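Reader: Before I set anything up with this model, I would like a close look at a single part of it. Please take me through the sheet and what surrounds it, and then through the backbone details that deserve care.

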Amino acid sequence: MDTDIEQAVSKVQKLCQQVREQVAVEVVGQTQVVDQMIIALLCQGHCLLVGVPGLAKTLMVQALANTMKLSFGRIQFTPDLMPTDITGTEIIQESAETGQREMQFQPGPLFTNVLLADEINRTPPKTQAALLEAMQERQVTVGARTRELDSPFFVLATQNPIEQDGTYPLPEAQLDRFMFQLLIDYPSEEEELEIVQRTTGITQPVAEPVIEPQDLQLAMRLVREMPVASHVAHFAIRLARLTRPDQDAPTFIQEHVAWGGGPRSSQHLVLGAKAHALLKGRLSVDYQDVVAVAAPVLRHRIRLNYAAIASQLTADEIIERIVQNLSTNNDADIDNHSAASQDHRDQSSKVFRSEDVSNP
């Protein structure tokens, strides 16, 4: 059993490395962002990529999609886009058999495995809301009928944070549907030189598909079946709960945060930590895995108040301070649990079902 588990984990690691290499064929740098996107995909989560124009947000999503043998769709969000342009609609067509007119459903671009929602904040809330059901329930309701979406289904959305004209901020309910919010930064000088050299020549490299659908299903199953010790799960829950400005919150949270992450953030912290541990080749989750995904999980779920804005605080700085506060208070607890964690890691593979891993 242990051998089967180790082989499955090793296979997932190799596949993820191949994905990184293929994405790097088209995208220079942004390795941390690519790793976080892979983690979200292994958790069947959605990603919101935020960055100024020209930082290869769209190219990054397309390159990642090119590495998987899955269907790919793109929606370019504009102010005049209607909900039926996304979900699809029923049209009247004449039946070739009976000659009678009947309603037939014409599926929209949502019916795909990987959906690029480009500049998602450029469309009105009515159209943005058309994504809510798809992102949460993986289904679409048009008229009186509900239709299941293909599995797996991922939404990788992009957003420009600096332009305000002609944009509509995403409502909190929709932001909460995104597992990660990833911030895309400017490349270094060396990376920018390589970008220029790559993109101003004759040939344009393209990422090749390296992941079969069954391989992706295996990886997602491994993430779900990975065990989490109770003290690590409690650490993740405490981290999420400390973002909420209630009476038990630290003073700096009460002074600077209007509201924090809900239970979905706790779920995503644990799931993301599982996938992070899997990418590192470990069979169980530790505190460091939770901390590694804390910022992308929580930054879009924390609403700062006017005091924080006036002090020029960011959500990432709040999260960093929470982590430091929690880690300091947990030092003794971590020491007490270190031996238990080692025993838990030794027993982790027994929790996996070998028949499930070998037969995805």
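Author: Strand 1, residues 47-50, is a good place to begin in this predicted model, for four bridges join strand 1 to strand 9 and the two run parallel. Within that pairing, Val-50 of strand 1 stands opposite Leu-183 in strand 9. Helix 2, residues 31-42, packs on the sheet and touches strand 1, strand 8 and strand 9, and the direction of helix 2 makes about 170° with that of strand 9.

Taken as a whole, the sheet is open and is formed by five strands in the order 2-5-8-1-9, with parallel pairing. At its edges lie strand 2, residues 72-76, and strand 9, residues 180-183, each of which pairs on one side only. From one strand to the next, the twist averages 20°. As for what the word pairing implies, strands of a sheet pair through backbone hydrogen bonds, either parallel or antiparallel.

Helix 3, residues 57-66, can be described by its burial: seven of its 10 residues are buried, so helix 3 is largely enclosed by the rest of the structure. The buried residues in helix 3 are Lys-57, Thr-58, Met-60, Val-61, Ala-63, Leu-64 and Ala-65, where buried means a relative accessible area under 20%.

Turning to the backbone, the peptide bond from Ser-151 to Pro-152 is cis, with omega near 0°. Pro-152 is placed in the loop between strand 7, residues 145-148, and strand 8, residues 154-159, and strand 8 is also one of the strands that helix 2 touches.

Two residues other than glycine have a positive phi, and each is placed in a loop. For Arg-138, phi is near 55°, and the residue lies in the loop between helix 6, residues 132-137, and strand 6, residues 139-142. For Gln-312, phi is near 60°, and the loop in question runs between helix 15, residues 306-310, and helix 16, residues 315-329.

The accessibility of these two residues can be read against the cut-offs. Arg-138 has a relative accessible area of 21% and is therefore partly exposed, because that class covers the range between under 20% for buried and over 50% for exposed. Gln-312, at 68% relative accessibility, counts as exposed, because the value is over 50%.

How values were computed:
Residues are numbered from 1 along each chain as its sequence is written. This is a predicted model: local features need pLDDT of at least 70, side-chain atom pairs count only at pLDDT 80 or more; totals for chains, interfaces and linings use all residues. Side-chain values use heavy atoms; hydrogens and water are left out. Buried means under 20% relative accessible area, exposed over 50%, partly exposed in between (1.4 Å probe, protein chains only). Two strands pair if DSSP finds at least two bridges between them. Axes are lines fitted to C-alpha atoms, for helices over the stretch in contact, and angles run from 0 to 180 degrees between N-to-C directions. Contact means heavy atoms within 4.5 Å.
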